[in-house]
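Here is a briefing on one protein model. Please look over the sequence and structure before reading on.

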Amino acid sequence: MADDKPTLEPLLEWFEALIEGTIGQELETRALQGLIITKAEKGFIRTEFTIPSLAADVDGNWHGGAIATLMDIVGAIAIYSVLDHPAKSVDFSISYYSTAKIEKEVEINAKVLGNKGKLIQVMIEVRRKGNGDLIALAKEWMALNDFTVPTVSKL
């Protein structure tokens, strides 16, 4: 695990700054507010999230677009943990299995499935915390970029 620190420490610092809103776009920051990283290792990220009211549809359910945004970002973080390099989404497929109401807790897991050089695939699951019911499942292919993720200032 000590070998993972050089890769995962900057990644986790960047992710925390994104969650806190000190870097990134407003959409990302809003989608990630309240996200807690519970496990991070090369190729796997586990998070917990309480669905905020701002992510609700007219019926009080977690909005599909908010779910997709969160899944995309958590999947990208899992990929970054393997490549130590950012990537862009080139194919993103989501299946929704059930709804979730605001203020409910969910667990989001992202696991890298395959690496084909410049293309890498990740699977992202969203499940109800407690009973493990599947809410959404996504598979995403990402391609390597030439840019780097900005570092987080220690100021």
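## Surface and overall make-up

About 8500 Å² of the protein is exposed, and carbon and sulfur atoms supply 52% of that area. Accessible areas come from the Shrake-Rupley method with a 1.4 Å probe, and for residues only the protein chains shown count as cover. This is a predicted model, in which local features need pLDDT of at least 70 and side-chain atom pairs count only at pLDDT 80 or more, while totals for chains, interfaces and linings use all residues. Residues are numbered from 1 along each chain as its sequence is written, and side-chain values use heavy atoms, with hydrogens and water left out.

**Fold**

- The protein has three helices and six strands. Helices (H or I, at least four residues) and strands (E, at least two) are DSSP runs, numbered from the N terminus.
- Read from the N terminus, the order of elements is α-α-β-β-α-β-β-β-β.
- Of the 155 residues, 39% are buried. Buried means under 20% relative accessible area, exposed over 50%, and partly exposed in between (1.4 Å probe, protein chains only).
- Take the contacts between residues at least 6 apart in sequence: 63% of them join residues at least 24 apart. Contact here means heavy atoms within 4.5 Å.

**Nonpolar core**

- The largest nonpolar core holds 39 residues, and Phe15, Leu35, Trp62, Ile108 and Val126 touch the most other members. Such a core is a set of buried Ala, Val, Leu, Ile, Met, Phe, Trp, Tyr and Cys residues joined through side-chain atoms within 4.5 Å.
- Two or more core residues come from each of helix H1 (5-20), strand E2 (44-50), helix H3 (64-83), strand E4 (105-115), strand E5 (119-128) and E6.
- H3 gives the largest share of this core, with nine residues.
- Beyond its neighbours within four places in sequence, valine 126 has contacts that include Trp62, Ile67, Met71 and Ile108. Leu134, Ile135 and Ala136 are also among them.

**Glutamate 140**

- Glutamate 140 sits in strand E6 (residues 134-144).
- What is the nearest side chain of opposite charge to this buried glutamate 140? It is lysine 139, 13 Å away, and glutamate 140 has no salt bridge. For charge, Lys and Arg count as positive and Asp and Glu as negative; His and the chain ends are not counted.
- The side chain of glutamate 140 makes a polar contact of 2.5 Å with that of serine 89. A polar contact is a pair of N or O atoms within 3.5 Å; within protein, one must be able to donate a hydrogen and the other to accept it, and residues adjacent in sequence count only if both atoms are side-chain atoms.
- Outside its neighbours within four places in sequence, glutamate 140 also touches residues including Met71, Asp72, Phe92 and Ile120.

**Salt bridges**

- The whole structure contains five salt bridges. Each is a side-chain nitrogen of Lys or Arg within 4 Å of a carboxyl oxygen of Asp or Glu.
- Arginine 46 and glutamate 107 pair through their side chains at 3.7 Å, N to O. Arginine 46 lies in strand E2 and glutamate 107 in strand E4, so this pair ties together parts 61 residues apart in sequence. Arginine 46 is partly exposed at 27%, and glutamate 107 is partly exposed at 23%.
- Lysine 39 bridges to glutamate 41, with the closest N and O atoms 3.8 Å apart. Lysine 39 is partly exposed at 35%, as is glutamate 41 at 30%.
- Arginine 127 meets glutamate 125 at 3.2 Å, N to O. Arginine 127 is partly exposed at 26%.
- Glu48, Glu105 and Lys129 form a network of salt bridges.
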